[in-house]
Amino acid sequence: MSTALADAIEQARPRHDLGSSSPFAGLRRRHARTIDVVAQSVAATAPAGVLLIHPAAAYARSGSFALLDIAITITLVVGVGLVIGMFARRIASTGSLYTFAARGLGSHVGLVTGAALGIGYLAVAMNTLASGSQRLANILSGGTAPPWLVVVLITGFGGIIALVVARGLRMSTRMLLVLESIAVATVLVLSLVALSLTRWDLGLLVPRPSDFSIEAVITGVAFALIGFVGFESGAALGPETRRPFAAVPRALMVSVGATGLVMLVGTAAQLSIVAERPGAASLAAVTGLSGLIDVIVAISFLACALAMTNAATRLGFAMSREGLLPVVFGRVSGRGVPAVAGMLLAAVVTAVPVVILAIGGSRQDMRIVTSPASIIGFVLAYALVCAAAPVFLARIGELTVRAVAISALPLAGLVCVLGFYLVATVRDNPGGLLWASGILAVVVGAGSLRLARHPRVAARIGVHDWPVDSDCIEGPART
């Protein structure tokens, strides 16, 4: 028996009043699934790699308050995820936070958000590509690898990233899902083994008043936030996702929840070891499986580099279609993919660490700049989106007290974290902060100059995907 819906579809006529193309014409739209968005978001956070190297460093910063830092960070990220969901349920754009901020606070705030987000994506991609390659090179050489071997691996993996991004969205996200799932499952098993070594003594994780310090806790939250940045990148897949207004918000919250749970369990396990054996630098020191752990970290970080490059490609695509970036970033291949943009950005991500190593520098020399660039970029972008949400909702007549509260709480936390981080970085890494701030200022300045010279570009900032004739059918005439 046919249903009313089936009859309506069978008898429906195509529409001709919506136009034949959206601002993202050529992009392969509406083919990805929720799992692809989840894979992109989870891989960008690199939970397996972060879990295996961060807990000991977190304990060194905050002592017994390290697990509390993780809990506070998860709460903060959930708040940001809820804010992003307010936009994602109404707007689908490859520009993600850049487009959201522009729709709320205007083109110039959108420009700052996009510049900060783009710098954050590229900085993390460079860090993780170099780190993953370094660890694999050390394994292959049986010790500290020669720089030429690291350069070869960085170049090779950079080429693979370019190829995968150019081949298409679903290929990259499914590869990310497989790699990160294997890595996370292995880390969780090792974490449970670690907890058994301490006889499941969770009392070691109870904060001690002697370790309390506002600066240490907030700095610890800023450090823990590194393990979650990039979770929002799934929003950039909105135009390519089926039912984006439902799939993207759901996928982002699933990603945050899954990553948060993994981080809590894994961090608790490793912190219990560090608390019981302060001399144990990491899980590798206790299990003796340093080789396996290096492989897991490398896989997780290389997947992260791919995910961040993927996100940066979509961001560049949106900016190009609006006129902020050269048209080459907005071109799509026959597969409906911004392939040229992906290859160009993968080349940048690869070239920077290769050049630094080639002239005698080290990965640490690069991290002096990329670490503050990533933290400042992501935290600033998150804060601006939280500030933009109430304005956007008020503009469309949907502002509520609940929405204001959801936006204000993470905004206050992010401003606090950013302020403390800047103070600490001025003290500990002023040169890196100067470089990172200078790069951001140059990018924003160049964009502002283009907006001033080309008012039509400014008017296009914040464009998003919209339905076209082929997406809809004509219903019965209304009387």
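**Exercise 1. Find which helix gives the largest share of the lining of the second largest pocket, and describe that lining.**

Solution. Start with the helix: helix 6 supplies the largest share of this pocket's lining, eight residues. Keep in mind that you are looking at a predicted model.

Next, list the helices that take part. Helix 6, helix 12 (290-322), helix 13 (339-358), helix 14 and helix 16 each bring at least two residues to the lining.

Then go to the middle of the pocket. The lining has 29 residues, and those nearest the centre are Ala115, Gly118, Ile119, Leu122 and Val443.

Now sort the lining by class: 23 residues are nonpolar, five are polar and one is charged. Finally, note the space inside, which is about 650 Å³.

**Exercise 2. Work out how many cavities of 30 Å³ or more there are, and which residues line the second largest cavity.**

Solution. The count is four cavities of 30 Å³ or more. The second largest cavity has a volume of about 50 Å³.

Its lining can be read off along the sequence: Ala116 and Ile119, then Pro372, Ala373, Ile376 and Gly377, and lastly Ala436, Ser437 and Leu440.

Match these to helices. Helix 6 (107-141), helix 14 (363-395) and helix 16 (430-453) each give at least two of the lining residues, and helix 14 gives the most, with four.

For the classes, seven of the lining residues are nonpolar, two are polar and none is charged. One residue to remember is Ile119: Ile119 lines this cavity, and Ile119 is also among the residues nearest the centre of the second largest pocket.

**Exercise 3. Decide whether Ser96 is buried or exposed, and name the residues that Ser96 touches.**

Solution. Locate Ser96 first: Ser96 sits in the loop between helix 4 (66-88) and helix 5 (97-105).

Now apply the cut-off, under 20% relative accessible area for a buried residue. Ser96 has a relative accessible area of 1%, so Ser96 is buried.

For its neighbours, leave out residues up to four places away in sequence; Ser96 then touches Leu117, Tyr121, Ala235 and Ala236.

**Exercise 4. Give the class of Arg208, buried, partly exposed or exposed, and its distance from Phe65.**

Solution. Arg208 also belongs to a loop, the one between helix 8 (169-197) and helix 9 (214-225). Its relative accessible area is 36%, so Arg208 is partly exposed.

Turning to the distance, Arg208 and Phe65 are 143 residues apart in sequence, yet their C-alpha atoms are 7.4 Å apart in space.

**Exercise 5. Compare the span of helix 7 with the expected one, and say what comes just after helix 7.**

Solution. Helix 7 covers residues 147-167, which is 21 residues. From first C-alpha to last, helix 7 reaches 30 Å, close to the 30 Å expected at 1.5 Å a residue.

Look along helix 7 for buried residues; among them are Leu149, Leu153, Ile154, Gly158, Ile161 and Val165. Just after helix 7 comes Gly168, with a positive phi of about 145°.

**Exercise 6. Put together a picture of the whole chain: how many helices and strands are there, and what share of the residues is buried?**

Solution. The chain holds 17 helices and two strands. Of its 479 residues, 53% count as buried.

For contacts, take residues at least 6 apart in sequence: 84% of those contacts join residues at least 24 apart. Last comes the surface, about 19900 Å² exposed, with 68% supplied by carbon and sulfur atoms.

How values were computed. Residues are numbered from 1 along each chain as its sequence is written. This is a predicted model: local features need pLDDT of at least 70, side-chain atom pairs count only at pLDDT 80 or more; totals for chains, interfaces and linings use all residues. Side-chain values use heavy atoms; hydrogens and water are left out. Buried means under 20% relative accessible area, exposed over 50%, partly exposed in between (1.4 Å probe, protein chains only). Contact means heavy atoms within 4.5 Å. Accessible areas come from the Shrake-Rupley method with a 1.4 Å probe; for residues, only the protein chains shown count as cover. On a 1 Å grid over the protein atoms alone, a cavity is a set of points where a 1.4 Å probe fits but cannot get out, and a pocket is an open set with protein on both sides within 12 Å along at least five of seven lines; lining residues have an atom within 4 Å of a point. Grid points are joined across faces, edges and corners, and a volume is the space filled by probe spheres set on the points. Ala, Val, Leu, Ile, Met, Phe, Trp, Tyr, Cys and Pro count as nonpolar, Asp, Glu, Lys and Arg as charged, and the others, Gly among them, as polar. The expected span of a helix is 1.5 Å times one less than its number of residues.
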